[in-house]
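Please open the structure in a viewer and keep the sequence panel visible. The tour proceeds by selection, with a short account of what is found at each stop.

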Amino acid sequence: MPTYIVLLGPPGAGKGTQAEILAKKTDLAHVSSGDLFRENLKNQTDLGKLAQSYMHKGELVPDDVTINMIRERISRADCEAGAILDGFPRTPAQADALEIMLKGFKGEVNLVPYITAAEETLVERTSGRWTCRAHGHIYHEKFNPPKQSGICDVDGSEVYQRDDDKVETVTKRIRVYLDQTMPLVAYYRKAGKLAEIDGTQAVEQVTKELLSALKK
Ligand code: AP5
């Protein structure tokens, strides 16, 4: 049976950072809804342009568009063994759609690590974040700088600051998270799938706790 892990948590909690590490350690595909939207924007697709009109305001892209994009992504061959879902689902409607989708792949959500951090930490992390232009590798100017300033360690591409990482937009994203995504914490807790993890710890410690939750 395939394995599906949903990483839940506010913007800047460390979902993308941990998903990248976990994907290497588990051999599962890393599926990030935010990266998929950014990739579409880079390629100037209609989906990318539509998504950008919501992303730059810190709002969620409509459910139907997001659900169709994820359904297509997890149908690909590299998700046959399952996936680490980073940033999806983000609303109860997306969680319901995911459940139905995964039944089609004879799977289900196996674990939902919920990575937490206080608002001031989230703002400090997002405002100092640098993202690799080619493949979305994540850095932080203070906590995890690239070896060579401005250049991704992994693929040598330029690193840039995300347009939606301005403090006003991050504050809006946190509000949107509290209103629209927080209900999923209760949803997955009730289903016995939630594993709460303190995201303010060092990256290595967060990974250790994630791996231990996975073994259970
Ligand atoms: P998305 O790209 O998914 O952004 P997000 O969920 O807001 O999360 P972030 O990427 O900001 O943070 P993260 O938790 O991944 O943290 P990271 O590891 O980078 O979504 C962007 C937008 O797309 C949304 O606003 C929405 O418009 C749209 N969208 C996406 N999915 C959608 C959906 N399902 N439905 C509708 N719309 C959707 O870490 C942050 C920084 O902290 C980095 O610099 C990192 O180096 C550093 N860091 C990480 N961990 C640590 C640590 N332990 N200690 C110190 N520093 C750390």
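What covers the buried residues of helix H4? The model under inspection is a predicted one. Select residues 63–74, which form H4, and then display its surroundings: the cover over the buried residues of H4 includes strand E2, helix H2 (33–42), helix H3 (46–55), strand E3 and helix H5 (92–104).

**Stop 1: helix H4**

H4 has 12 residues and reaches 16 Å from its first C-alpha to its last, close to the 16 Å expected at 1.5 Å a residue. Show its side chains and colour Val65, Thr66, Ile67, Met69, Ile70, Arg73 and Ile74, which are buried. An α-helix has 3.6 residues a turn, so residues three or four places apart point the same way.

**Stop 2: strand E3 and its partners**

Next, select residues 82–86, strand E3. Because 5 of the 5 residues of E3 are buried, this strand is largely enclosed by the rest of the structure. Cover is present on both faces of E3: Gly82, Ile84 and Asp86 are buried on one side, and Ala83 and Leu85 are buried on the other.

Add strand E1 (residues 3–7), which pairs with E3 in the parallel sense over 5 bridges. Within this pairing, valine 6 stands opposite leucine 85 of E3. Then add strand E2 (residues 29–32), which runs parallel to E3 and is joined to it by 4 bridges. Here serine 32 stands opposite aspartate 86 of E3.

**Stop 3: salt bridges**

Side chains of opposite charge can pair when their charged atoms come close. How many salt bridges does a search of the whole structure find? The search finds 17, and several merit individual selection.

Begin with lysine 193 and glutamate 108, whose side chains meet in a salt bridge at 3.1 Å, N to O. Lysine 193 lies in the loop between helix H8 (183–190) and strand E8 (194–198), and glutamate 108 in the loop between H5 and strand E4 (109–116), so the pair ties together parts that are 85 residues apart in sequence. Glutamate 108 counts as partly exposed because its relative accessibility is 40%.

Move to glutamate 119 and arginine 175, where the side chains form a salt bridge of 3.2 Å, N to O. Since glutamate 119 lies in helix H6 (residues 119–127) and arginine 175 in helix H7 (residues 167–181), this pair ties together parts that are 56 residues apart in sequence. Glutamate 119 is partly exposed at 33% relative accessibility, and arginine 175 is partly exposed at 37%.

Select aspartate 163 and lysine 166 for another salt bridge between side chains, at 3.7 Å, N to O. Aspartate 163 is partly exposed, with 41% relative accessibility, and lysine 166 is partly exposed, with a relative accessible area of 42%. Finally, select Arg129, Arg162, Asp164, Asp165 and Arg173, which a network of salt bridges links.

**Stop 4: the cavity**

Rolling a probe the size of a water molecule over the atoms shows where empty space is left. A search of the whole structure finds 1 cavity of 30 Å³ or more, and the largest cavity holds about 60 Å³ of space.

Which residues line the largest cavity? Select Leu7, Leu8, Gly9, Pro10, Pro11, Lys15, Gly87, Phe88, Pro89, Arg90, Tyr177 and Thr181 to display its lining. Among these lining residues, Leu7 belongs to E1 (residues 3–7), whereas Tyr177 belongs to H7 (residues 167–181).

Methods
Residues numbered from 1 in each chain as written. Predicted model: local features only at pLDDT ≥ 70, side-chain atom pairs only at ≥ 80, totals over all residues. Heavy atoms only, no water. Buried < 20%, exposed > 50% of the residue type's maximum accessible area, 1.4 Å probe, protein only. Helix = DSSP H or I, 4+ residues; strand = E, 2+ residues; numbered from the N terminus. Pairing = 2+ DSSP bridges. Expected span 1.5 Å × (residues − 1). Contact = heavy atoms within 4.5 Å. Salt bridge = Lys/Arg side-chain N within 4 Å of Asp/Glu carboxyl O. 1 Å grid on protein atoms, 1.4 Å probe; cavity = no way out; pocket = protein on both sides within 12 Å on 5 of 7 lines; lining within 4 Å. Points joined across faces, edges and corners; volume = space filled by probe spheres on them.
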